Amino acid sequence: MIEAAADLPSVDGLSHRTVQKRGITLTRTTVKTTAAANAVGRPVGQYVTAELPPLSDDETQLAAHAACIAEELAALLPAAGTVLVAGLGNAAVTPDAIGPQAADMVLATRHIRGEWARSLGLDDLRSVAVIRTDVLGKTGVESGEILKGVCRTVQPAAVIAIDALAARSLSRLGCTVQLCDTGIAPGSGVGNARLPLSQELLEVPVIGIGVPTVVDAATIVREFGGSEAAANAAAMMVTPREIDLVVRRAARLVALAVNGALQPDYDPADLVSAAV
């Protein structure tokens, strides 16, 4: 979604701060002006990059890391109102399955209301709707078109869009979580950009959250000093050998964070169990 802090240009209207928190390195970047947006190639808004140990190595700290990311996500959301959580991507393609897998673990609560909610002791749950949009090639409908129609009916205060991302560096693959309040463009990282999910389209704030699962081969060639071959590698995407494990853990991490941000009075793991 945005470059690492060390790679950002020094321009007016662009600020960033890096902090250490619960074993995670958090970089919060704010793009304040049009000039700064043009310099970094990203819209005006807030961006958060959470760098954590590789998801393929260890999952014992998953809950602690999710709690940290939940706090960052909560800060980007409106304080009240229904939130629509959208899992983007193709569940049948492993590197693209984070959105659908995470959405399956987010507890939908919009239908739990009134006397039923009170009798179950759940009347303090925030209203949440969850949808998996799938991909244009399978549905014939853009994710943005689906969500625009759903937003007209659900009338959420905000949308959380979960998607797999393409990394711009090998060092970010499977070990970063990225958030922003400027929406998300499905497929843009792999050269297949679809209708961007933005506040302009959906008429509510759109919070993007994702984990990089692929990197283009040209980036790998350049990082290892083979710039002459980079052009020939530009059409290829590379993913880790252990991608199944990475995606499974990344989806759970994101789901725990989303549940934690939306329902802070409940154990996120319990909400995941209830959702599945």
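This report looks at one strand and a few residues of a predicted model.

**A strand on the inside**

Let us begin with strand 7, which covers residues 176-180. Is this strand enclosed or open to the outside? Five of its five residues are buried, so strand 7 is largely enclosed by the rest of the structure. Here, a residue is called buried when its relative accessible area is under 20%.

The side chains are worth finding in the 3D view. Thr 176, Gln 178 and Cys 180 point one way from strand 7, while Val 177 and Leu 179 point the other way. Residues on both of these sides are buried.

Which strands pair with strand 7? One partner is strand 3, made of residues 45-51, and this pairing is antiparallel with five bridges. To locate it, look for Val 48, which stands opposite Leu 179 of strand 7. Another partner is strand 8, residues 206-216, again in the antiparallel sense, over three bridges. In that pairing, Cys 180 stands opposite Gly 208 of strand 8.

**After the strand: Ser 198**

Next, find Ser 198 in the loop between strand 7 and helix 7. Ser 198 has a relative accessible area of 13%, so it counts as buried. How far apart are Ser 198 and Asp 181 in sequence and in space? They are separated by 17 residues along the chain and by 9.0 Å from C-alpha to C-alpha. Leaving out residues up to four places away in sequence, Ser 198 touches Glu 203, Val 204 and Val 206.

**Two residues with a positive phi**

Now for a backbone detail. Most residues other than glycine have a negative phi. Asp 134 has a positive phi of about 60°, although it is not a glycine. Glu 203, one of the contacts of Ser 198, has a positive phi of about 65° and is not a glycine either.

Where do these two residues sit? Asp 134 belongs to strand 5, residues 128-134. Glu 203 is placed in the loop between helix 7 (199-202) and strand 8.

The table puts Ser 198 beside these two residues, so that you can read off how accessible each residue is.

| Residue | Relative accessible area | Class |
|---|---|---|
| Ser 198 | 13% | buried |
| Asp 134 | 25% | partly exposed |
| Glu 203 | 64% | exposed |

The classes follow from the cut-offs: exposed means over 50%, and partly exposed lies between that and the buried limit of 20%. Glu 203, at 64%, is therefore exposed, and Asp 134, at 25%, is partly exposed.

Notes:
Residues numbered from 1 in each chain as written. Predicted model: local features only at pLDDT ≥ 70, side-chain atom pairs only at ≥ 80, totals over all residues. Heavy atoms only, no water. Buried < 20%, exposed > 50% of the residue type's maximum accessible area, 1.4 Å probe, protein only. Helix = DSSP H or I, 4+ residues; strand = E, 2+ residues; numbered from the N terminus. Pairing = 2+ DSSP bridges. Contact = heavy atoms within 4.5 Å.
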